[in-house]
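Subject: Structure for you, with notes on what was found

Dear colleague,

Here is the structure I promised to pass on to you. Please have it open beside this message, as the notes below go through it one topic at a time.

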Amino acid sequence: MPSLAKNSLLYLIATIATKAISFLLLPFYSHLITPDQYGYVYVVTAFTTFLSLFLSLSLGGAIQRFYFDCENQTEIKTLYTNIVLIVLFFTTVIGSIFYFAGSSISSIINLPIEYYNYAVLISAISVFYPLILSLLYASQSAKKVSITSIFLGGCGVAIQLILVLLLEDKALALVKALLANSLLTFIIFLIYSKPYWATPSWNFANITKYLKYSLSQLPSDVSVWLINCSDRILINSMKGSSFAGLYGMGANLGNIPQILFHSVNKAYVPYVFEKYKEIEKGHNDSESILVQTTTTVFAVITASIAIIAALSNNIISLLASQYSESAGVMLLILIAVWIDCSRIMFMNPMAYNIRYIKIKSAIWVISSILSISLNFYTIPKYGMYGACCSLIASYGLSCAFILYFSNKAMKLNYQKNKIIKIIVCTFIFSASYLIGSDLKALVLKVPCIIIYLAIMTELTISLKKGFNYVKVLFNK
C-alpha cells in the first residue's frame, strides 16, 4: 500500500503540474477562440487519438503484460525492441494510407485538409512515446516518469501559449502546439529507449503472442475511442463545429477527474498484477490487502469526481459567456466519467486472466455499438446533451458486464457494504451543486466539501489511519 500510494502520488503530482496550467488557461482561451474554431481543435484531438490506436496496434499493453513474464534484463530488452520495430512498421504502412486518403476522409469528418494533415503527422510521431512509458510504468519507475511528465507538460504549455499569442489563427496555433509537443516526446522516447535496445530476436512464437494479445485488446481500445471521442466528430458533422466546440469544452473540463484517475491507475495496475500473482501462489493476506486498497482507490476517485461536479457550475462561470451552454455537458460528462473509472478499475482481473481478454474486448465492442447507435438517434434530436446521455448509457451497460465477468475471471471478496455507503454518501453530497454558481455559493460549498471528505475517510480507512498515511507519504 505505501508503495502504491507513493507512486500514485508521484504520478498525480506530475499530472496536476502539467495539466493544471492548461485547464487554468481555458478561461483565457475561451475569450480568444470561438466555439466554432474550438470545434476543429477537438476534432483533431479525437482523430489523432483514433489513428494512434491503429498505428500502435495497442502493443503498449503487451509490454506491460509480458514484462512480468521476463526473467532477466535481456528478455526485457528483446521484448521492448521487437515491439518498437513492429510499431515502426505498422506506423509507416497505416500512416501512409491515411495520409494519401486525406481528401476523402477530411471531407467525411468535416475537417479542413490542413487540420487533417497535421492530425496524421502528430499521430505518426507521438505513437512511440507511450511505448517507453509502458515499460517505465511496468518497472514502476514513478519518479522518472513524473519528472519527465512535468518537463513535457511545462514545455507544452509554454509552446502553446507562445503560438496562440503570436499566430493570427488561434485554433491552428493550438494544433501546431500539439505537433511541437509530439516532436518533443519523440526525442524523449529516443533518449530513454537507448538502454533497452537489443539485437532483434525474431522469435515468431513470441511475436505472435504479443500481436495476439494486443490485437485482442485493440477492439476494446477502439471501442473506448468510439465511446469517448466519436461523439465530437459526429456532433461536428451533424450539428457543426460550433456545437462541437461547446461540447468539447464541457467534455474537456468534465474529464479532469478521468485524467487524475489515469495517473493513479498507472501505479495501480502494476500493483494489482503483483497481488494477483501473490494470490495465485497462495499468499493468504494478499487478497485482503488488495481489497482494502481497491476500496480506498474507489473512494478517492468517487470523492474527486463528486467535488468537481459540485463545483462544475462555478468553474463554467469563469469562461467567456459564449461557452455557458457547456455547463450541462460538464455535469453529465462527470457522471459518465465516474462510471468509466469504476469499470476500468474493476476490469483488471479480466486484463490479467488472458482467457478473458476476448470477453473484455467483446464488452467494449458492444458498448461502442450501443453508443454510436444512440448517438445517431440522440444527436440530431437533442444535440450535445443527447451525446452525453448516450455516453452514460453505454458506460453503464459495459460496467455491468465487466463487474459480472471480472468476478468470473478472479473471485475477490470486495467490501461491498463500504462501497454502497460511499455511493450513498456521495449522492447526498452531490445536492450541493444546487447551491449556485456565484462566489457566495462557492463559500457555502467549502464546508460541505470538508464534511464530505471527513465522512468518506472514516467510511474507507478511518480518519486516524488516513492521517497516518499522509504522514508516511510526506516522510518518504
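I begin with helix α16, where D340 and R343 are three residues apart and therefore separated by about one helical turn. Please keep in mind throughout that this is a predicted model. D340 and R343 form a salt bridge, in which the closest N and O atoms are 2.7 Å apart. Side chains of opposite charge can pair when their charged atoms come close. As for their surroundings, D340 counts as buried because its relative accessibility is 2%, under the 20% limit for that class, and R343, at 0% relative accessibility, counts as buried too.

The structure holds two salt bridges, and the other pair to look at is K275 with E278, whose side chains meet at 3.5 Å, N to O. Both residues lie in helix α13, which covers residues 256-280, and they are three residues apart, about one turn of the helix. Are K275 and E278 buried or exposed? K275 has a relative accessible area of 12% and is therefore buried, whereas E278, with a relative accessible area of 24%, is partly exposed, because the partly exposed class lies between 20% and 50%.

Next comes a pocket. The second largest pocket has a volume of about 460 Å³, and of the 19 residues that line this pocket, the closest to its centre are F346, L403, Y414, K416 and I419. The elements that give two or more residues to its lining are α16 (326-346), α18 (357-409) and α19 (416-429); helix α16 is also the one that holds D340 and R343. The largest share of the lining, five residues, comes from α18. By residue type, the lining of the second largest pocket divides into 13 nonpolar, four polar and two charged residues.

Finally, on the surface, L85, L88, W202 and F204 form a nonpolar patch, with about 420 Å² of accessible area together. Within this patch, W202 lies in the loop between α9 (170-193) and α10 (204-228). With a relative accessible area of 44%, W202 is partly exposed, and W202 can therefore be a member of a patch, since patches are made of residues with over 30% relative accessible area and no salt bridge.

With best wishes

Definitions and conventions:
Residues are numbered from 1 along each chain as its sequence is written. This is a predicted model: local features need pLDDT of at least 70, side-chain atom pairs count only at pLDDT 80 or more; totals for chains, interfaces and linings use all residues. Side-chain values use heavy atoms; hydrogens and water are left out. Patches are made of residues with over 30% relative accessible area and no salt bridge: like charges are joined within 9 Å, nonpolar side chains (Val, Leu, Ile, Met, Phe, Trp, Tyr) within 5 Å. Accessible areas come from the Shrake-Rupley method with a 1.4 Å probe; for residues, only the protein chains shown count as cover. A salt bridge is a side-chain nitrogen of Lys or Arg within 4 Å of a carboxyl oxygen of Asp or Glu. Helices (H or I, at least four residues) and strands (E, at least two) are DSSP runs, numbered from the N terminus. Buried means under 20% relative accessible area, exposed over 50%, partly exposed in between (1.4 Å probe, protein chains only). On a 1 Å grid over the protein atoms alone, a cavity is a set of points where a 1.4 Å probe fits but cannot get out, and a pocket is an open set with protein on both sides within 12 Å along at least five of seven lines; lining residues have an atom within 4 Å of a point. Grid points are joined across faces, edges and corners, and a volume is the space filled by probe spheres set on the points. Ala, Val, Leu, Ile, Met, Phe, Trp, Tyr, Cys and Pro count as nonpolar, Asp, Glu, Lys and Arg as charged, and the others, Gly among them, as polar.
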